[in-house]
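Visitor: Could you walk me through how to read a protein model, one feature at a time?

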Amino acid sequence: MSVFAYLQSASQSGNTALAFPSSNTAGNMIVVATSNINVSAVNDTQGNSYNLVSSASTGSNQIQIWVAVSIKSGANSLTATGLASGSQSSSIAIIEYTVPSSFIFTGIGAAAGTPPNGSNSHYQSSSETLLIIAAYDYSSAHSWTGTNLTVRETTAEAGGQTMSIGDFDIASST
């Protein structure tokens, strides 16, 4: 594969486990967002290894991004250890991407403000960059309208809060 490409995703609130709608493909990347910084580990039924790449907290707004690369193929369900199984601060979203044959993790960042509050991670190959954005927000809609961001999943929690995850897939100009 020569570019990053979105394959599939799922999200929910109120449960610590979530399955992909279809089997994962070997060698791809899984990105996980949680709306709680108390998550201490992400595990899946395929035995993939997840690393915490970004965590942000502003008051009660919390977000984490976890990533597994070079994943195994097959049906897959993920569990976030420490994610509350109630309806507030209990969202999980998962995305599978194809990845270029040679890519590197280039950095993380966290943005805080009034809404959205979020976290991001950057992945780069020789020809393009994939920027992952996750945000936790107390309003009914995120202020991403008019940007080049593709929102892949949005999950509502109690009290009107939402967690969203999306990406910018930017071709390099050099």
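Guide: We will go through confidence, sheets, cores and a few single residues.

Guide: This is a predicted model, where local features need pLDDT of at least 70, side-chain atom pairs count only at pLDDT 80 or more, and totals for chains, interfaces and linings use all residues. Residues are numbered from 1 along each chain as its sequence is written, and side-chain values use heavy atoms, with hydrogens and water left out.

Visitor: What is the mean pLDDT of the chain?

Guide: pLDDT is the predictor's confidence in each residue, from 0 to 100. For this chain the mean is 74, and 63% of the residues reach 70 or more. Among the elements, strand β4 (residues 41-44) has the highest mean, 96, and strand β10 (residues 117-125) the lowest, 48. Over residues 138-142 the pLDDT stays under 50; the model gives this stretch 17 contacts beyond four places in sequence, a contact being heavy atoms within 4.5 Å.

Visitor: How many strands form the open sheet that contains β1, and in which order?

Guide: Strands of a sheet pair through backbone hydrogen bonds, either parallel or antiparallel. Strands here are DSSP runs (E, at least two residues; helices are H or I, at least four), numbered from the N terminus, and two strands pair if DSSP finds at least two bridges between them. Five strands make up this open sheet, in the order β1-β8-β3-β6-β5, with antiparallel pairing. At the edges stand β1 (5-13) and β5 (51-58), each with a single partner strand, so one side of each has no neighbour in the sheet. Inside the sheet, β3 and β8 are joined by six bridges, and I30 has E96 in β8 as its bridge partner.

Visitor: What is the order of the open sheet of three strands?

Guide: That order is β2-β7-β4, again with antiparallel pairing. The edge strands, β2 (17-19) and β4, each pair on one side only. Four bridges link β4 and β7: V42 stands opposite A80, and D44 has L78 as its bridge partner.

Visitor: Which residues of β4 are on its covered face, and which on its uncovered one?

Guide: V42 and D44 lie on the covered face, A41 and N43 on the uncovered one.

Visitor: Which residues have the most contacts inside the largest nonpolar core?

Guide: A nonpolar core is a set of buried Ala, Val, Leu, Ile, Met, Phe, Trp, Tyr and Cys residues joined through side-chain atoms within 4.5 Å. Buried means under 20% relative accessible area, exposed over 50%, and partly exposed in between (1.4 Å probe, protein chains only). The largest core here has 16 residues, and those with the most contacts inside it are I30, V32, V42, Y50, L78, I92 and I94. Two or more residues come from each of β3 (29-34), β6 (61-68), β7 (77-81) and β8 (91-98). Apart from this core lies another, of 15 residues, including M29, I65, V67 and I95.

Visitor: What is I30 in contact with, leaving aside neighbours within four places in sequence?

Guide: Its partners include F20, Y50, W66, L78 and I95.

Visitor: And N28, is that residue buried or exposed?

Guide: N28 is buried, with a relative accessible area of 6%. This residue is found in the loop between β2 and β3, and its contacts beyond four places in sequence include L7, A68, E96 and V99.
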